[in-house]
Amino acid sequence: MNHESPKRIVVIGAGIVGASLAYHLAGKGAKVTVVEAGGIASGVTGTSFAWINTSCAGPDPIAALRGGAIAAWRRLETQVPGLKMRWHGALSYGTQDGRVSSESLLIDRARIAQLEPQLRRPPEQAIFEPEQGALDAVAATHALLAAAQALGATVRTHTPVLGFAVQGAKVTGVETAAGLIEADVVVLAAGTGTAKLAEQLGASLPIHASPAIFMRYQAPPGLVRGIISSHAMEVRQDEDGTMVAAEDYVDEAPDNQPAAIAQRTASAISDELEGAESITPAFACVGLRPMPADGVPVIGYLPQVEGAYVCVMHPGVVLAAIVGRLASDEIVTGEPASALEACRPARFLAL
């Protein structure tokens with residue numbers, strides 16, 4: 001690496017993953033430019049339930065990454081002004097998920113009622129994970145990008161990428177309507193748009209858009225203290241009363257449209273929670289999560305062309321802090337991070 005001049009790095013995508021990368025890269029002295037086709041957090045980041053948990057059903061090839069996710073967010077919370085987390089824990093019951101982590105506690109009805117006093121019918125028992133939390137993913141993205149800018153990064157929104165400058169099998173810049181931005185490394189962190197960008201560089205990455213229903217409600221503050229995940233609902237609440245809920249996408253049928261699901265979910269929530277009779281849907285949509293074919297994040301350099309680094313994953317909000325730290329280290333120092341070994345794009349591109 002040339003020690004005289006800092007690495008020029010263009011990060012494509014101003015969602016939470018791109019924002020974390022930009023912050024960590026700028027903190028390591030890189031000259032960072034973030035380019036985003038829309039506004040900040042205008043993609044899937046804005047429709048994320050943003051539950052920070054480390055659990056995974058079944059064998060987990062990224063256990064090392066997931067295991068460091070909460071600690072990485074806790075560290076960022078102390079470093080980034082305006083980054084606010086809510087560490088109230090998560091309560092799960094009546095779901096077939098069976099997600100259990102080493103911190104899981106099996107608690108009884110009395111303790112459940114203590115943790116979530118508005119539950120009309122607390123179950124006999126539930127799993128409580130006290131170390132888990134949530135964040136406002138849009139606010140967190142803004143906070144990370146502001147911190148990156150304070151470290152010298154440039155953020156260009158409404159600047160779609162038109163193509164790449166490539167010389168001798170090496171990416172040398174990103175073409176935009178405002179001109180060419182020169183780069184030593186280009187990072188593709190554009191969520192579901194990442195595969196299309198990689199295709200322009202000759203790499204075919206199997207990343208599909210996986211739909212989920214995201215809903216926001218206006219509600220009286222204090223109905224839900226932590227995160228509740230049950231057979232009836234998956235909800236959490238911000239301090240101002242805004243309630244956030246998530247549901248599985250079913251199909252295109254009219255009664256499974258986001259607005260219809262939001263109404264059904266509202267009645268399920270008011271049936272479960274004392275004081276929730278007056279909640280009103282404020283927003284409902286289908287969020288498209290970038291899902292690699294094998295479910296494992298795609299993080300690392302494209303083998304076809306030098307200087308192109310991919311960073312795309314689900315769950316993006318959970319992993320953004322730890323991946324931002326590890327990937328930025330890897331990009332700046334050139335030393336591969338062993339925790340990212342299972343994530344390399346080359347696994348899809350072997351001939």
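A charge is said to sit over a ring when NZ of Lys or CZ of Arg is within 6 Å of the ring centre and within 35 degrees of the ring normal. With that in hand, let us walk through this predicted model.

## Charges and rings

Arginine 74 offers a case of this arrangement: its charged end sits over the ring of tryptophan 87, 4.3 Å from the ring centre. Another case involves arginine 236, whose charged end is placed over the ring of phenylalanine 49, 5.6 Å from its centre.

Phenylalanine 49 also has an aromatic partner. A search of the whole structure turns up three aromatic pairs, among them the one that phenylalanine 49 makes with tryptophan 51, an edge-to-face pair with 6.4 Å centre to centre and 75 degrees between the planes. Both phenylalanine 49 and tryptophan 51 are buried. Another of the pairs joins phenylalanine 214 and phenylalanine 283; it too is edge-to-face, with 6.3 Å from centre to centre and 65 degrees between the planes.

Where in the fold does this last pair sit? Phenylalanine 214 belongs to strand 14 (residues 207–218) and phenylalanine 283 to strand 18 (residues 280–292), so the pair ties together parts that are 69 residues apart in sequence. As for burial, phenylalanine 214 has 5% relative accessibility and counts as buried, whereas phenylalanine 283, at 33%, counts as partly exposed.

## The chain as a whole

It helps to step back to the overall picture. The chain contains nine helices and 20 strands. Its C-alpha trace spans about 65 × 45 × 40 Å along the principal axes. How does the radius of gyration fit a compact globule? For 351 residues such a globule would have a radius of gyration near 20 Å, and the chain has 21 Å, which agrees.

Of the 351 residues, 53% count as buried. The accessible surface comes to about 15000 Å², and 53% of that surface belongs to carbon and sulfur atoms. Contacts across the sequence are well represented: among contacts with a separation of 6 or more, 71% are accounted for by residues 24 or more positions apart.

## Two buried residues and their surroundings

Phenylalanine 164 lies in strand 10 (residues 161–167) and is buried, with a relative accessible area of 14%. Which residues does phenylalanine 164 contact, leaving aside its neighbours within four places in sequence? They are Ile12, Val171, Gly173, Val174, Glu175, Val186, Leu188, Leu197, Gln200 and Leu201. For Leu201, the C-alpha atom is separated from that of phenylalanine 164 by 7.7 Å, although the two residues are 37 residues apart along the chain.

Serine 328 is found in helix 8 (residues 316–333). Is serine 328 buried or exposed? With a relative accessible area of 0%, serine 328 is buried. Once neighbours within four places in sequence are set aside, its contacts are Leu21, His24, Leu25, Lys28 and Val323.

## One side of helix 3

Helix 3 (residues 69–79) has Ala69, Ile70, Ala72, Trp73 and Leu76 as its buried residues. They cover an arc of only 160 degrees around the axis, which puts them on the same side of helix 3. The general geometry is a helpful reminder here: an α-helix has 3.6 residues a turn, so residues three or four places apart point the same way.

## Backbone details

Most residues other than glycine have a negative phi, and most peptide bonds are trans. With that background, a few places in this model deserve a look. The peptide bond from histidine 314 to proline 315 is cis, with omega near 0 degrees. Proline 315 is in the loop between strand 20 (308–312) and helix 8.

Two alanines take a positive phi, and the table sets them out with their loops and accessibility.

| Residue | Phi | Loop | Relative accessible area |
|---|---|---|---|
| Alanine 50 | near 60 degrees | between strand 2 (31–35) and strand 3 (51–52) | 3%, buried |
| Alanine 169 | about 60 degrees | between strand 10 and strand 11 (170–176) | 48%, partly exposed |

The loop that holds alanine 169 starts from strand 10, the strand in which phenylalanine 164 lies.

Key: Residues numbered from 1 in each chain as written. Predicted model: local features only at pLDDT ≥ 70, side-chain atom pairs only at ≥ 80, totals over all residues. Heavy atoms only, no water. Phe/Tyr/Trp six-rings, centres within 6.5 Å; stacked < 30°, edge-to-face > 60°. Buried < 20%, exposed > 50% of the residue type's maximum accessible area, 1.4 Å probe, protein only. Helix = DSSP H or I, 4+ residues; strand = E, 2+ residues; numbered from the N terminus. Contact = heavy atoms within 4.5 Å. Rg over C-alpha atoms; globule rule 2.2 N^0.38 Å. Areas by Shrake-Rupley, 256 points an atom, 1.4 Å probe, with all protein chains shown as cover. Arc of directions from axis to C-beta.
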